Amino acid sequence: MRLILLGPPGAGKGTQAVRMAYRFGVPHVATGDLLRFATAWQTDIGMRAKTYMDAGELVPDEFVLELLCTRLSEDDAAVGFVLDGYPRNPAQADALDAILAEIDAPLEAAVNLWVPDENIIARLSARMSCPTCGRTFNSTAEAPLAVCDIDGMALFQRADDSAEVIAKRLQVFRDRTAPLIEYYGARDILVTVDGIGELGDVEDRIAKALEER
Ligand code: AMP
C-alpha cells in the first residue's frame with residue numbers, strides 16, 4: 001500500500017498513520033519526525049530546518065525531499081508506506097509523483113482527515129509527545145499524562161504546539177496544503193473521512209473508506 005494522509009495539524013494524522021501502517025504492513029513515514037530527528041542530531045538539514053519549524057512555517061522543499069528520499073530508499077519501504085505530513089504543497093506533490101514514477105509504483109490512495117478548527121486548537125494545546133517513539137497523547141487537567149504508555153519516557157509538549165504557532169500552522173495548512181485535497185480528488189484517489197470521535201472508530205472509518213474506494 002502506498003498511502004498519504006492529508007489534514008490540518010492535530011487532525012490525528014500521526015495516530016491514524018501508525019494504525020494504517022500496521023494494518024497494511026508498511027512503514028509509517030512522517031516528515032515531521034524525520035525533521036525532528038535531524039534537529040535533535042544537529043545535522044546540517046536539522047539545524048537549518050529548526051527556525052522554520054519553531055515558527056510553524058514550512059521547511060524548504062529541498063531539505064524535506066532529501067530526508068524523504070533517503071527514508072523511502074530503505075528496504076522496508078519497498079513494500080509501500082503510509083506518508084504523514086508529506087506532501088504539504090503542490091510542488092511536493094509533484095516531487096512525490098516523480099519519485100514514484102521512477103519506480104513505477106504510483107500512489108494508491110490519499111486520505112483527507114476532516115476536523116473543524118475549534119477541535120484542532122483544543123487537541124494541539126493538550127497534546128503531549130514521546131521523545132523516543134513519537135507517539136502523541138492527550139493530556140488534560142482531569143487526566144494529566146506524564147509518561148509514554150509504550151516506553152515509559154517522560155512526555156513533552158512540542159514547542160510548535162503553543163497557541164501562537166498553532167494559529168500559524170493552521171494558516172499555512174489552509175494556504176499551502178489544502179489545495180492538495182482538490183489535486184488528489186481530481187485523480188480519483190481521495191477519500192475524505194470524519195476525524196472526530198474515538199481513535200478506533202476513526203480508524204475503522206478510514207479502513208472502510210479505503211475498501212470501498
Ligand atoms: P508535523 O509533525 O507534520 O506537524 O510537522 C512539524 C513541522 O515540520 C511543520 O510545522 C513544518 O515546519 C515541518 N514539516 C513537516 N513536514 C513538512 C513538509 N512536508 N514540508 C515542509 N515542512 C514540513
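These entries record what I looked up in a predicted model of one protein.

**Entry 1. Overall form.** I began with the secondary structure and found 9 helices and 7 strands in the protein. I then looked up the extent of the C-alpha trace, which spans about 50 × 40 × 35 Å along its principal axes. For 213 residues, a compact globule would have a radius of gyration near 17 Å; the protein has 16 Å, and I therefore note agreement with that expectation.

**Entry 2. Burial and surface.** I checked how much of the chain is covered: 46% of the 213 residues count as buried. The exposed area comes to about 10900 Å². Carbon and sulfur atoms supply 54% of that area.

**Entry 3. Contacts and charges.** I took the contacts between residues at least 6 apart in sequence and asked what share joins residues at least 24 apart. The share is 68%. For the charges, I looked up 21 positive and 34 negative ones, and their mean positions lie 2 Å apart.

**Entry 4. Aromatic rings.** I searched for aromatic pairs and the count came to 1. The pair consists of Tyr183 and Tyr184, with ring centres 4.9 Å apart and planes at 85°, so I record it as edge-to-face. The angle decides the label, because planes over 60 degrees apart count as edge-to-face. I next asked of each partner whether it is buried or exposed. Tyr184 has a relative accessible area of 0% and is buried. Tyr183, at 25%, is partly exposed, because the buried class requires a value under 20%.

**Entry 5. Arg71.** I located Arg71 in helix 4, which covers residues 61-72. Its relative accessible area is 15%, so I class Arg71 as buried. Which residues does Arg71 touch, leaving out those up to four places away in sequence? I found Pro27, Val29 and Leu34, together with Asp76 and Ala77.

**Entry 6. Thr15.** I located Thr15 in helix 1, residues 13-24. Thr15 has 24% relative accessibility and hence counts as partly exposed. With residues up to four places away in sequence set aside, Thr15 touches Thr136 and Leu199. I also looked up the separation of Thr15 from Arg135: 120 residues in sequence, but 7.2 Å in space from C-alpha to C-alpha.

**Entry 7. Recapitulation.** For later reference I keep three items. The radius of gyration of 16 Å agrees with the value for a compact globule. Tyr183 and Tyr184 form an edge-to-face pair. Arg71 of helix 4 is buried, whereas Thr15 of helix 1 is partly exposed.

Notes. Residues are numbered from 1 along each chain as its sequence is written. This is a predicted model: local features need pLDDT of at least 70, side-chain atom pairs count only at pLDDT 80 or more; totals for chains, interfaces and linings use all residues. Side-chain values use heavy atoms; hydrogens and water are left out. Helices (H or I, at least four residues) and strands (E, at least two) are DSSP runs, numbered from the N terminus. The radius of gyration is taken over C-alpha atoms; the globule rule is 2.2 Å times the number of residues to the power 0.38. Buried means under 20% relative accessible area, exposed over 50%, partly exposed in between (1.4 Å probe, protein chains only). Contact means heavy atoms within 4.5 Å. Accessible areas come from the Shrake-Rupley method with a 1.4 Å probe; for residues, only the protein chains shown count as cover. Lys and Arg count as positive and Asp and Glu as negative; His and the chain ends are not counted. The place of a charge is taken as NZ of Lys, CZ of Arg, CG of Asp or CD of Glu. Rings of Phe, Tyr and Trp (its six-membered ring) pair if their centres lie within 6.5 Å; planes under 30 degrees apart count as stacked, over 60 as edge-to-face and the rest as tilted.
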